[in-house]
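Subject: Handover of a structure and findings

Dear colleague,

Please find the structure below, together with its sequence. My notes on what was found in it follow.

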Amino acid sequence: MLTIGCHLSSAKGYLNMAKMAVSIDANTFQFFTRNPRGGRAKEINPKDVAAYHEYASEHGVAVVLAHAPYTLNPASDKQQTRDFALMVLAEDLGRMEETPHQMYNMHPGSATGQAPEVAIEKIAAALNEVLLPAQTTTVLLETMSGKGSEIGGTFEQLAALIERVDLDSHLGVCLDTCHVWDAGYDIAGDLDGVLDAFDCVVGLDRLRVIHLNDSKNTRGSHKDRHARIGEGEIGFEALAAVTNHPGCASFPSTWRHRTTSWKDMPKRSHGYVLHASSRMAATRIDRAGRVGRRGHEKKIDPTRGGLSGHEEGCDIEMAPLCFRRAKQRQTREGRLSCVYKHYKSLP
């Protein structure tokens, strides 16, 4: 079954996101758990969650993807920064149990002047502290471009990180096509080789979601600059091949773009999924294997597999940064205990 969607604003709650997804013929969506630059999360409304569950079950929205804020860095050499990451991770994972059996995507972190091996140990230690056996959420580590001191720019770094996590059954990987391209993996010229390498190092069984993005940069640039699908260096044909590859056919894919308002989107025919940016574009991927912009579909060999899909979006309610400052005045134990008290009491 085709599973595809987009990133939506969570400002109006779960039910609104599900309705927005269904309105554009999507059956999944991604959202930020809070301001992507950090801050306090909006309080969850139990009535909204209950209404979402009912609506989602009626409209085939079975799986969704939450995205952690970009500011998390459990690899930091500063205790204060690591404590903040621990607090947000624990709180977010506790909140995710309101919608059980979903996925939570995070950027692993940055070494910030440390050896990568040291940073990996710190990220693993953070995950070991927040993951619980009874947890139903799968935490996804996103492939990164290798910009600066980012961890996750190579498959080997992700494998080393996963190996150090005790509850590794709760971990998966989100493959971002722009990121791996910018990191140096030739998904346009040797997709089979890249996926074989991933399988050998990490394991395709870990691959749960694809962020389907083009890149403004040449391969190996380590810059992480996304482009609209078909308008970057990766190209439309290569991204269509990713969606149809048999190794990528059993899990969701998402598009990640800066979005304009959903109410400005034009009407769509059935089977088209929009990704929103400064200009509107539409991509069609149907069961016959036709992939292309509306009116310009290209035939892709359907024997190579189907598409699974997810997508990511943008706006989210801004939260006061004073939350961080207030928490920093407390002790480490005090900062974390208020979060863990609820989270670790989960059945």
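Accessible areas come from the Shrake-Rupley method with a 1.4 Å probe. The accessible surface of the protein chain comes to about 14800 Å², and 51% of that surface belongs to carbon and sulfur atoms. Please keep in mind that this is a predicted model.

**The chain as a whole**

The protein chain contains 10 helices and 14 strands. Of its 347 residues, 57% are buried. Among the contacts between residues at least 6 apart in sequence, 76% join residues at least 24 apart.

**Strand β2 and the aromatic rings**

I would begin with Gln30, which lies in strand β2, covering residues 28-32. Is Gln30 buried or exposed? Buried means under 20% relative accessible area. Gln30 has a relative accessibility of 0%, and therefore counts as buried. Its side chain makes a polar contact with the side chain of His7, at 2.9 Å.

Next come the aromatic residues. A pair of aromatic rings is described by the distance of the centres and the angle of the planes. How many aromatic pairs does the structure hold? There are seven aromatic pairs. One of them is formed by Tyr14 and Phe31: the centres are 5.6 Å apart and the angle between the planes is 80°, an edge-to-face arrangement. This pair links distant parts of the chain, since Tyr14 is in helix α1 (residues 14-23) and Phe31 is in strand β2, 17 residues apart. Tyr14 has a relative accessible area of 9%, so Tyr14 is buried. Phe31 is buried because its relative accessible area is 4%.

Phe31 also forms an aromatic pair with Phe29, and this pair is tilted, with 6.1 Å from centre to centre and 45° between the planes. Phe29 and Phe31 are both buried. Which residues form one aromatic cluster with Tyr14? They are Phe29, Phe31 and Tyr52.

A ring can also have a charged residue over its face, as the following example shows. Lys19 lies over the face of Tyr55, at 5.9 Å from the ring centre.

**Asp176 and its surroundings**

Asp176 lies in strand β6, which covers residues 171-176. Asp176 is buried because its relative accessible area is 0%. Which residues does Asp176 touch, not counting those up to four places away in sequence? They are Glu142, Thr143, His211, Asn213 and His226. The C-alpha atom of Asp176 is separated by 5.8 Å from that of Ile210, although the two residues are 34 apart along the chain. In addition, a polar atom of the Asp176 side chain lies 3.0 Å from the backbone nitrogen of His179.

**Cysteines**

How many disulfides are there, if a disulfide is a pair of cysteine sulfur atoms within 2.5 Å? By this rule the count is zero. Two cysteines may be set side by side here. Cys178 has a relative accessible area of 0%, and is therefore buried. Cys200, in contrast, has a relative accessibility of 70%, so Cys200 counts as exposed.

As you go through the model, you may wish to start at Gln30 in strand β2, continue to the cluster of Tyr14, Phe29, Phe31 and Tyr52, and then turn to Asp176 in strand β6.

Yours sincerely,

A colleague

Definitions and conventions:
Residues numbered from 1 in each chain as written. Heavy atoms only, no water. Helix = DSSP H or I, 4+ residues; strand = E, 2+ residues; numbered from the N terminus. Buried < 20%, exposed > 50% of the residue type's maximum accessible area, 1.4 Å probe, protein only. Polar contact = N/O pair within 3.5 Å; in protein donor to acceptor, adjacent residues only side chain to side chain. Disulfide = S-S within 2.5 Å. Phe/Tyr/Trp six-rings, centres within 6.5 Å; stacked < 30°, edge-to-face > 60°. Lys NZ or Arg CZ within 6 Å of the ring centre and 35° of its normal. Contact = heavy atoms within 4.5 Å.
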